[in-house]
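Grab a pencil and work through these exercises with the structure open beside you. Try each task before you read its solution.

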Amino acid sequence: MVEQYRAMHPQFNVTQDLQIDANPKDLASVFTTSQSKWFIVQDMIAIAHIDGHYDKTEKDRIHSAARVFGLDPDRLAKLESLNAEFTDTSKRIVAFLDSAK
C-alpha cells in the first residue's frame, strides 16, 4: 500500500511501511502533514466509489479516519460531494460512449 502511495505522491516522503489493514492512528503517524492526510482521505473516498456506490459503512470508516487525522468535517463534506459529482459524471460518460455501439 505505502509503496503505491509513495509512487503516486512522492512529495510526502513516506518512509515507513504499513500493512494494508493499517488503522487511522497508524496512518496519522506516517502521513503527518495536513495535505498528505487529505490525499489519504481522497484516495479512500475514490476507492469507496469504485463500485459506483458510497455506502454508510464506507462513509463511517472514512469519517472516523478524518476525525483521527483532525480534518475539518465541512471540508470533508465538500470533498465527498466533489467525488459524488465525479462518479455521476463518469457514469454519464460511460453511458454516452456505450450508446455509440
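**Exercise 1.** Find which charged end sits over the ring of Trp-38, and work out whether Trp-38 is buried or exposed.

*Solution.* Keep in mind that you're looking at a predicted model.
- Step 1: Start at the ring of Trp-38 and look for a charge over it; you'll find the charged end of Arg-75, 5.4 Å from the ring centre.
- Step 2: Place the tryptophan: Trp-38 belongs to helix H3.
- Step 3: Check its cover. The relative accessible area of Trp-38 is 14%, and buried means under 20%, so Trp-38 is buried.
- Step 4: Now compare sequence with space. Trp-38 and Ala-66 lie 28 residues apart along the chain, yet their C-alpha atoms are 8.3 Å apart.

**Exercise 2.** Sketch the order of helices and strands, then describe the largest nonpolar core.

*Solution.*
- Step 1: Count the elements: there are 5 helices and 0 strands.
- Step 2: Write them in sequence order and you get α-α-α-α-α.
- Step 3: Go inside. The largest nonpolar core holds 16 residues, and Val-41, Ile-45, Ile-62, Phe-69, Leu-71 and Leu-76 have the most contacts within it.
- Step 4: Ask who contributes. Helices H2 (24-30), H3 (34-48), H4 (56-69) and H5 each put in at least two residues, and H3 gives the most, with 5.
- Step 5: Zoom out to the whole protein: 31% of its 101 residues are buried.

**Exercise 3.** Track down the salt bridge and explain how its two partners are placed in helix H4.

*Solution.*
- Step 1: Recall the idea: side chains of opposite charge can pair when their charged atoms come close.
- Step 2: Search the whole structure, and 1 salt bridge turns up.
- Step 3: Name the partners. Lys-56 pairs with Asp-60, and their closest N and O atoms are 2.7 Å apart.
- Step 4: Look at the spacing. Lys-56 and Asp-60 are 4 residues apart in helix H4, so about one helical turn separates them.
- Step 5: Check how open each one is. Lys-56 has 60% relative accessibility, so it counts as exposed. Asp-60 comes in at 39%, which means it's partly exposed.

**Exercise 4.** Work out which residues make the nonpolar surface patch of about 340 Å², and classify Ile-93 by its accessibility.

*Solution.*
- Step 1: List the members: Ile-93, Phe-96 and Leu-97 make the patch.
- Step 2: Locate Ile-93, which is part of helix H5 (residues 73-98).
- Step 3: Read off its accessibility. Ile-93 sits at 46%, so it counts as partly exposed.

**Exercise 5.** Count the aromatic pairs.

*Solution.*
- Step 1: Know what to look at: a pair of aromatic rings is described by the distance of the centres and the angle of the planes.
- Step 2: Apply the cut-off, with ring centres within 6.5 Å. The count comes to 0 aromatic pairs.

Key:
Residues are numbered from 1 along each chain as its sequence is written. This is a predicted model: local features need pLDDT of at least 70, side-chain atom pairs count only at pLDDT 80 or more; totals for chains, interfaces and linings use all residues. Side-chain values use heavy atoms; hydrogens and water are left out. Patches are made of residues with over 30% relative accessible area and no salt bridge: like charges are joined within 9 Å, nonpolar side chains (Val, Leu, Ile, Met, Phe, Trp, Tyr) within 5 Å. Accessible areas come from the Shrake-Rupley method with a 1.4 Å probe; for residues, only the protein chains shown count as cover. A salt bridge is a side-chain nitrogen of Lys or Arg within 4 Å of a carboxyl oxygen of Asp or Glu. Buried means under 20% relative accessible area, exposed over 50%, partly exposed in between (1.4 Å probe, protein chains only). Rings of Phe, Tyr and Trp (its six-membered ring) pair if their centres lie within 6.5 Å; planes under 30 degrees apart count as stacked, over 60 as edge-to-face and the rest as tilted. A charge sits over a ring if NZ of Lys or CZ of Arg is within 6 Å of the ring centre and within 35 degrees of the ring normal. A nonpolar core is a set of buried Ala, Val, Leu, Ile, Met, Phe, Trp, Tyr and Cys residues joined through side-chain atoms within 4.5 Å.
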